[in-house]
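Here are my notes on the model you sent over. Have the structure open while you go through them.

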Amino acid sequence: MGFDKYYDIDLVNKTNMSLDEFNEKIKEGNGSFISEIHSKFLYRTKEEILKPYQVELIKLQAHLEKNNEKMIILMEGRDASGKGGAIRRITRYMNEKHYRVVALGKPSDVQKTQWYYQRYVEQFPKGGEIVIFDRSWYNRAMVEPVFGFCTQKEYEVFMRSVQRFEEDLVEHGFHFLKIYLSVSKEEQARRFEEREENPLKQWKLSEIDMQMQSRWEEFTQKKYDMLKYTNTEKSPWIIIRSDSKFLARLNSIKVILNSIDYEGRDERLDFTVDNDIVITAEKELELMDMKRVVKWKD
């Protein structure tokens, strides 16, 4: 996909199309035009389905503000698993004064000398606020050890200490959710290819991204270890299949809404998560164990 598509004069002309002209286009049955309309229709329909649940997220925010409560949500997953899109749908209509999305870059030289969790703790929410981490301290469980950005000792210390750290958060009254978006190898490859071809998405591709497919099994082993050793009763992992971006977004929102008993919940809505999309860490580990002998798959 090149720039020609974005600057096609035909697309510009369509923005001035009258209703009668639009109806004529439909009657002509032009394949590319119908396909384009169908794609836009599906996108709009999916966004409309999310809106009632996005209203509920505003109610949840109001509950947290009223009761001076704090919420931390970790959004984890491999590259191209859909974290950014899910976060945008979660926060789209939220009160900007009462939420923050935190995506920390590489630690500075000073931060490297500090307690590992310190730069994350500095971003924690105040009363009445939600903080969503787009990747979190779990970089040390997957990305850092695979690419050699931490030592084996640092990795082992993290894996031993993170349970105590998170349980302390819960005991201090934080609402705490750990969501892992799980994308298949095939879908990740398709999304990388789309990013490579689409000039609006090429910025998303990094040097590390290009190695994700070739190092798939290494990441899968680290994912397995992460779920096995950091999934606890007080801070469990919630796995969300994300090959379908829409279903991942809808179920992520439902998971968040189901985590807090907030006022004004609209009981007409279906808050039940899709059991084919949302699974426990225990179930994910069981499935991974079954596949280990043959081939790793996310």
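**Notes on the model**

1. Charges first. Keep in mind that this is a predicted model. The protein chain carries 50 positive and 52 negative charges, and the mean positions of the two sets lie 2 Å apart.

2. Overall size. For 298 residues, a compact globule would come out near 19 Å in radius of gyration; the protein chain has 21 Å, so the value agrees with that expectation. If you're setting up a box, the C-alpha atoms fill roughly 65 × 50 × 40 Å along the principal axes.

3. Make-up and surface. The protein chain has twelve helices and six strands. Buried residues make up 44% of the 298. About 16500 Å² is exposed, and 51% of that comes from carbon and sulfur atoms. Looking at contacts with a separation of 6 or more, 77% are between residues 24 or more positions apart.

4. The largest nonpolar core. This core holds 40 residues, and the members that touch the most others are Phe133, Trp137, Tyr138 and Phe158. Several elements give two or more residues to it, including strand 1 (70–77), strand 3 (130–134), strand 4 (174–182) and strand 5 (237–241) on the strand side, and helix 7 (143–147), helix 10 (216–230) and helix 12 (281–292) among the helices. The top contributor is helix 8, which gives six residues.

5. Phe133 close up. Which residues does Phe133 contact, leaving aside its neighbours within four places in sequence? There's a run of Ile72, Ile73, Leu74 and Met75, and then Val102, Tyr120, Gln123 and Phe124. The run falls within strand 1, whose range is 70–77.

6. The other core. A second core, separate from the one above, has 33 residues; Leu64, Met71, Ile90 and Leu250 are among them.

7. Thr91. You'll find Thr91 in helix 4, which covers residues 83–91. Is Thr91 buried or exposed? Its relative accessibility is 8%, so Thr91 counts as buried, the cut-off being under 20%. Beyond its neighbours within four places in sequence, Thr91 is in contact with Tyr99, Val101 and Ile132. Take the pair with Ile132: these two are 41 residues apart along the chain, yet their C-alpha atoms are separated by 9.3 Å.

8. Arg100. This residue lies in strand 2, residues 99–102. With a relative accessible area of 27%, Arg100 is partly exposed, because that class runs between the 20% and 50% limits. Apart from neighbours within four places in sequence, its contacts are Gln123, Phe124, Pro125, Glu129, Ile130, Val131 and Ile132. Ile132 also turns up in the contacts of Thr91. For a distance check, Arg100 and Ser136 are 36 residues apart in sequence and 14 Å apart C-alpha to C-alpha.

9. Backbone angles to look at. Asn68 is not a glycine, but its phi is positive, at about 55 degrees. Where does Asn68 sit? It is in the loop between helix 3 (31–67) and strand 1. At 54% relative accessibility, Asn68 counts as exposed. Arg135 is another residue other than glycine with a positive phi, near 75 degrees. Arg135 is in the loop between strand 3 and helix 7, and both of those elements give residues to the 40-residue core.

Technical notes
Residues are numbered from 1 along each chain as its sequence is written. This is a predicted model: local features need pLDDT of at least 70, side-chain atom pairs count only at pLDDT 80 or more; totals for chains, interfaces and linings use all residues. Side-chain values use heavy atoms; hydrogens and water are left out. Helices (H or I, at least four residues) and strands (E, at least two) are DSSP runs, numbered from the N terminus. The radius of gyration is taken over C-alpha atoms; the globule rule is 2.2 Å times the number of residues to the power 0.38. Buried means under 20% relative accessible area, exposed over 50%, partly exposed in between (1.4 Å probe, protein chains only). Contact means heavy atoms within 4.5 Å. Accessible areas come from the Shrake-Rupley method with a 1.4 Å probe; for residues, only the protein chains shown count as cover. Lys and Arg count as positive and Asp and Glu as negative; His and the chain ends are not counted. The place of a charge is taken as NZ of Lys, CZ of Arg, CG of Asp or CD of Glu. A nonpolar core is a set of buried Ala, Val, Leu, Ile, Met, Phe, Trp, Tyr and Cys residues joined through side-chain atoms within 4.5 Å.
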